[in-house]
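Here are some notes for a colleague who is opening this entry for the first time. They are set out as numbered points, to be read with the sequence and the structure at hand.

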Amino acid sequence: MKISYTGKSDEIPARQRTKLEANLQKLSKVLEQRGEKEAHVVLTQERFLHKVEITINAWDHSLVGIATDGDIAVAAHEAFGRLEKQLLKLRARWRDTKRVRDKEADAEKASASLQPVPRPANSIKARAAVKSASAKKAAHKQVFRVNHSEGSKPMTLEEAMLEMEASQDYLVYRDAQTDRVTVLMRRSDGHFDLIES
C-alpha cells in the first residue's frame, strides 16, 4: 500500500509512524487483491489539537477516518480505528449482500444463441405471424413456487409415493429420515426419479 502524507509528517514520532504504516499494510490485505491501494494521511494542527485524517478508496467508496487529540500519536491511532471499523463494515456488507442474476434473461439469451436466426420475412403478415407465435410461447410459461412455510410434516418415500398416486406428476417434500428437501418425479414409463438436496 502506498502511503502519502500531507502536512508535517515528522510530527508523528518515528515509532508511532512505523506502527501506523504497519497497521495500514495489514488493512490493505482486507481490501481487494486487484491493484495496489493508496492511503492518504492529512496532518493538521490548531493550537494544541492535532487532527489526523486517513482516506482510503475501496469498493467504489471513499473511507475516511478522522480524529483529533492533544497527542498526535493518540489521534493517529483513533483515526485508524475509525477507518478500520468503516472498512470491516463495508466488507461485511459487500460479502453478505446477495447478488442474484436474472436467470430467465440468461436462459433466453442461451436459447437465442442456440436457435438459428430466422431470415427476415418480406411481407408484413409473415412478420406479424412470427411475433404472435413468440408471444403465445411466452404466455404459456408459468412458474410454480413451493411453499415450505405451511408447516407440513416430513414424509417417508413410501408416503410420498402414495400421495403422488392421486394425480400429481411430482412432489416436493421433506424426508423424515434425512431431514432434507427431496423431489419425487414420475417418469413417462411409470417409474420414479428421486432428487435429494
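1. A good place to begin is helix α2, which has 25 residues and reaches 36 Å from its first C-alpha to its last, close to the 36 Å expected at 1.5 Å a residue. Please keep in mind throughout that this is a predicted model.

2. Which residues of α2 are buried? They are I72, A73, A75, A76, A79, F80, L83, L87 and L90, and what covers these buried residues includes helix α1 together with the strands β2 (38-46), β3 (49-58) and β4.

3. The partnership with α1 deserves a separate look. Two packed helices are described by the angle between their axes and the distance between the axes. For α1 (residues 14-30) and α2 (residues 72-96), the axes come within 11 Å and cross at roughly 5°. Because angles under 35 degrees count as roughly parallel, α1 is roughly parallel to α2. On the α1 side the contact is made by Q16, L20, N23, L24, L27 and V30, and on the α2 side by A73, A76, F80, L83, E84, L87, L88 and R91. Sorted by character, the residues of this contact divide into 10 nonpolar, two polar and two charged.

4. Just ahead of this helix, D71 lies in the loop between β4 (61-69) and α2. Is D71 buried or exposed? Neither word quite fits, because its relative accessibility of 40% makes D71 count as partly exposed. The C-alpha atom of D71 is separated by 8.6 Å from that of F48, although the two residues are 23 apart along the chain.

5. Two residues other than glycine call for a check of their backbone angles. R47, found in the loop between β2 and β3, has a positive phi near 50°, and R47 is exposed, with a relative accessible area of 76%. D179, in the loop between β5 and β6 (181-186), likewise has a positive phi, of about 60°, but D179 is partly exposed, with a relative accessible area of 49%.

6. Where does E165 sit? E165 is found in the loop between α5 (157-164) and β5 (170-174), and it counts as partly exposed because its relative accessibility is 48%. Leaving aside its neighbours within four places in sequence, E165 is in contact with R186 and F192. The first of these partners, R186, is 21 residues away from E165 in sequence, while the C-alpha atoms of the pair are 9.6 Å apart in space.

7. Finally, the chain as a whole may be set around these details. The protein chain has five helices and seven strands, and along the sequence they follow the pattern β-α-β-β-β-α-α-α-α-β-β-β. Of its 197 residues, 20% count as buried, and the accessible surface comes to about 15400 Å², of which 52% belongs to carbon and sulfur atoms. Among contacts between residues at least 6 apart in sequence, 37% join residues at least 24 apart.

Methods:
Residues numbered from 1 in each chain as written. Predicted model: local features only at pLDDT ≥ 70, side-chain atom pairs only at ≥ 80, totals over all residues. Heavy atoms only, no water. Axes fitted to C-alpha atoms, helices over the stretch in contact; angles between N-to-C directions. Helix = DSSP H or I, 4+ residues; strand = E, 2+ residues; numbered from the N terminus. Parallel < 35°, antiparallel > 145°, perpendicular 65-115°, else oblique. Contact = heavy atoms within 4.5 Å. Nonpolar A, V, L, I, M, F, W, Y, C, P; charged D, E, K, R; others polar. Buried < 20%, exposed > 50% of the residue type's maximum accessible area, 1.4 Å probe, protein only. Expected span 1.5 Å × (residues − 1). Areas by Shrake-Rupley, 256 points an atom, 1.4 Å probe, with all protein chains shown as cover.
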